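Hi,

Here is the structure I promised to pass on. Have a look at it first, then read my notes underneath.

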Amino acid sequence: MPTRQRRPWRPQMTKAEMGRGWVFFALYVLVFPWVMGWVQRAFQGALPVAEANVVYYLLSAVLVFLVFWTFLKHGFHLLLDWLPENLFAFVTGLIAAGVLHFLVMRIPLPVENPNNLSYPEQFALAPAATVVILVVLMPVVEETLFRGLLFGSSRRYSRALGYVLSTLVYAVYCVWQFVFTYGQVDFRYLLLFVQYLPMSLALTWCYDNGGSIWSPIALHAVINAFTLFFAVA
């Protein structure tokens with residue numbers, strides 16, 4: 001019985017998209033969070049946090065579609081053309097993320113994850129806005145940048161390099177702002193990156209083995225939905 005051969009990896013972004021994408025990536029990671037923080041401090045009490053975050057991620061998603069339109073459209077065609085591969089990558093990624101997360105959460109850390117408190121508070125104040133951010137907008141923006149751009153760019157040179165960069169950079173990105181959360185610098189919060197490694201690795205696996213960016217977007221949405229459900233349950 002013949003075995004199915006692995007589909008060869010093909011660059012999915014144009015050079016123009018990569019050029020614009022890296023500029024947007026730098027702004028999204030380094031500039032946008034500080035601008036958003038300044039806006040919230042400047043309009044403290046007058047600007048609801050949840051609604052402000054919806055606007056923030058909605059604008060980010062609009063920019064993602066403007067910058068990466070060809071890539072996202074091509075990814076949709078790949079999803080349909082490679083549907084069995086993408087379904088397999090999605091299901092195995094979801095299972096792996098759950099198992100690895102269970103194991104990683106057994107590791108004692110000196111600090112508590114601030115999201116364990118912030119998610120229930122945000123959901124209680126604005127449930128619809130919180131769901132839209134975590135389940136719709138955030139997956140589209142972050143997967144396009146960290147899987148589509150970062151992994152896709154480095155994967156052309158080395159698959160291992162792509163996995164390492166995409167997984168580690170995203171895990172650190174998820175926690176670096178916690179260092180400044182409580183008005184003082186506490187680098188112990190960087191240790192929380194280990195809690196995001198299972199999710200980040202599963203998302204990278206999903207994209208690499210599925211071939212369409214829409215598979216890790218869907219997986220990210222489902223993982224965030226489970227995270228929110230267990231946080232508020």
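**Asp208 and its salt bridges**

Asp208 is buried, with a relative accessible area of 6%; buried means under 20% relative accessible area, exposed over 50%, and partly exposed in between (1.4 Å probe, protein chains only). Before going on, a note on the source: this is a predicted model, where local features need pLDDT of at least 70 and side-chain atom pairs count only at pLDDT 80 or more, while totals for chains, interfaces and linings use all residues. Residues are numbered from 1 along each chain as its sequence is written, and side-chain values use heavy atoms, with hydrogens and water left out.

Back to Asp208. How far apart are the closest N and O atoms of Asp208 and Arg159? They are 2.8 Å apart, and the two residues form a salt bridge, a term for a side-chain nitrogen of Lys or Arg within 4 Å of a carboxyl oxygen of Asp or Glu. Asp208 sits in helix α8 and Arg159 in helix α7 (residues 159-173), so this pair ties together parts that are 49 residues apart in sequence. Helices here (H or I, at least four residues) are DSSP runs, numbered from the N terminus, as are strands (E, at least two). Arg159 counts as partly exposed, because its relative accessibility is 35%.

Asp208 also forms a salt bridge with Arg155, and there the closest N and O atoms are 3.3 Å apart. This pair links distant parts of the chain as well: Asp208 belongs to helix α8 (residues 193-210) and Arg155 to helix α6 (residues 127-155), with their positions 53 residues apart in the numbering. Both Asp208 and Arg155 are buried. Put the pairs together and you get a network of salt bridges linking Arg155, Arg159 and Asp208.

How many salt bridges does the structure hold? There are four. One that I haven't mentioned yet joins the side chains of Arg188 and Asp186, at 2.9 Å from N to O. Arg188 is partly exposed, at 42% relative accessible area, whereas Asp186 has 16% and therefore counts as buried.

**More from helix α8**

Two other residues of this helix are worth finding on your screen. Leu203 is found in helix α8, and with 0% relative accessibility it counts as buried. Not counting residues up to four places away in sequence, Leu203 touches Glu143, Arg147, Pro216, Leu219 and His220; contact means heavy atoms within 4.5 Å. Leu203 and Val175 are 28 residues apart along the chain, and their C-alpha atoms are separated by 17 Å.

Pro198 is in helix α8 too, and its 4% relative accessibility makes it buried. Which residues does Pro198 contact, leaving aside its neighbours within four places in sequence? They are Ala97, Leu100, His101 and Val104. Pro198 and Leu103 are 95 residues apart in sequence, yet 9.3 Å apart in space, C-alpha to C-alpha.

**A nonpolar patch**

Leu100 lies in helix α4 and is partly exposed, at 31% relative accessible area. It belongs to a nonpolar patch on the surface, together with Val91, Ile95, Val99, Phe102, Leu103 and Leu201, and the accessible area of the group is about 620 Å². Helix α4 (residues 83-104) gives the largest share of the patch, six residues. Patches are made of residues with over 30% relative accessible area and no salt bridge, where like charges are joined within 9 Å and nonpolar side chains (Val, Leu, Ile, Met, Phe, Trp, Tyr) within 5 Å. The areas come from the Shrake-Rupley method with a 1.4 Å probe, and for residues only the protein chains shown count as cover.

**Two helices that cross**

Helix α5 (residues 115-125) packs with helix α9 (residues 214-232) at an angle of about 85°, and their axes are 9 Å apart. Therefore α5 is roughly perpendicular to α9. On the α5 side the contact is made by Tyr119, Pro120 and Phe123, and on the α9 side by Thr227, Leu228, Ala231 and Val232. Axes are lines fitted to C-alpha atoms, for helices over the stretch in contact, and angles run from 0 to 180 degrees between N-to-C directions. Angles under 35 degrees count as roughly parallel, over 145 as roughly antiparallel, 65 to 115 as roughly perpendicular and the rest as oblique.

Gln122 is found in helix α5 as well. With 26% relative accessibility, Gln122 counts as partly exposed, and it touches Pro127 and Thr130, not counting residues up to four places away in sequence.

Cheers
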